[in-house]
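Please open the structure in a viewer and keep the sequence beside it. The tour proceeds by selections, each followed by a short account of what is found there.

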Amino acid sequence: MWILMLVLSGTVLSGAHILNVYSTEQECKEMRQVVEDGMKAAYPEDSGYVLKCVEQDVKQEKGEPIEEKGVDT
């Protein structure tokens, strides 16, 4: 399972936010590019965020921290 995350820094909403979950890395990367293009168009001067595709083990219990293995920035 791949999670598309928005990581914000330097704002009131600082931290990692899950945007969506995908079955494959390719799906996650494609959507990351779509979101990234939209963010750049809407907020051209803002660099206080990073979009990441993070692989998560499907066996992981709910509420456990997400390990950043396979991080794609």
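Begin by selecting strand E1, which is mostly covered, with six of its seven residues buried. The strand spans residues 2–8. Before going further, note that the coordinates on the screen belong to a predicted model.

**First stop: strand E1 and its partners**

With E1 still selected, add strand E2, residues 15–22. E1 and E2 run antiparallel and are joined by seven bridges. To see one of these pairings, select Met-5, whose bridge partner in E2 is Ile-18.

Next, add strand E3, residues 49–55. E3 also pairs with E1 in the antiparallel sense, over seven bridges. Which residue of E3 stands opposite Leu-6? Selecting Leu-51 gives the answer, for Leu-51 in E3 faces Leu-6 across the pairing. As for its surroundings, E3 is largely enclosed by the rest of the structure, because five of its seven residues are buried. In a regular strand, side chains alternate between the two faces of the sheet.

**Second stop: Trp-2 and Tyr-22**

Return to E1 and select Trp-2, which is found in that strand. Is Trp-2 buried or exposed? Its relative accessible area is 9%, so Trp-2 counts as buried. Now display Ser-23 as well: Trp-2 and Ser-23 lie 21 residues apart in sequence, yet their C-alpha atoms are 6.1 Å apart.

Move on to Tyr-22 in strand E2. The C-alpha atoms of Tyr-22 and Trp-2 are 5.0 Å apart, although 20 residues separate the two in sequence. Tyr-22 has a relative accessible area of 15% and is therefore buried as well. Which residues does Tyr-22 touch, leaving aside those up to four places away in sequence? Select Met-1, Trp-2, Leu-4, Glu-27, Cys-28 and Met-31 to display these contacts. One of them, Cys-28, leads to the next stop.

**Third stop: the disulfide**

Select Cys-28 together with Cys-53. These two residues form a disulfide, with their sulfur atoms 2.3 Å apart. The link connects distant parts of the chain, since Cys-28 lies in helix H1 and Cys-53 in strand E3, 25 residues apart. A disulfide is a covalent bond between the sulfur atoms of two cysteines. A search of the whole structure finds one such link.

Rotate the view to look along the S-S bond of Cys-28 and Cys-53: the angle about the bond is -105 degrees, and the link is left-handed. How accessible is each end? Cys-28 has 0% relative accessibility and so counts as buried. Cys-53, likewise at 0%, also counts as buried.

**Fourth stop: helix H1 and its salt bridges**

Select helix H1, residues 25–42. How many salt bridges does the structure hold? There are two, and each can be displayed in turn.

For one of them, select Glu-25 and Lys-29, whose side chains meet at 3.5 Å, N to O. Both residues lie in H1, four residues apart, or about one turn of the helix. Glu-25 is partly exposed, because its relative accessible area is 31%. Lys-29 also has a relative accessible area of 31% and so is partly exposed.

For the other, select Glu-36 and Lys-40, whose side chains form a salt bridge of 4.0 Å, N to O. Glu-36 and Lys-40 likewise both lie in H1, four residues and about one turn of the helix apart.

**Last stop: the whole chain**

Finally, clear the selection and view the complete protein chain. The chain holds one helix and four strands, which follow the pattern β-β-α-β-β along the sequence. Of its 73 residues, 27% count as buried. The accessible surface comes to about 5,100 Å², of which 52% belongs to carbon and sulfur atoms. Among contacts with a separation of 6 or more, 42% join residues 24 or more positions apart.

If the viewer permits, colour the chain by pLDDT. Where in the chain is confidence lowest, and where is it highest? It is lowest in strand E4, residues 69–72, at a mean of 49, and highest in helix H1, at 96. The mean for the chain is 84, and 77% of its residues reach 70 or more. Where pLDDT is low, the predicted coordinates should not be read in detail.

Methods:
Residues are numbered from 1 along each chain as its sequence is written. This is a predicted model: local features need pLDDT of at least 70, side-chain atom pairs count only at pLDDT 80 or more; totals for chains, interfaces and linings use all residues. Side-chain values use heavy atoms; hydrogens and water are left out. pLDDT is the predictor's confidence in each residue, from 0 to 100. Helices (H or I, at least four residues) and strands (E, at least two) are DSSP runs, numbered from the N terminus. A disulfide is a pair of cysteine sulfur atoms within 2.5 Å. Buried means under 20% relative accessible area, exposed over 50%, partly exposed in between (1.4 Å probe, protein chains only). Two strands pair if DSSP finds at least two bridges between them. Contact means heavy atoms within 4.5 Å. Accessible areas come from the Shrake-Rupley method with a 1.4 Å probe; for residues, only the protein chains shown count as cover.
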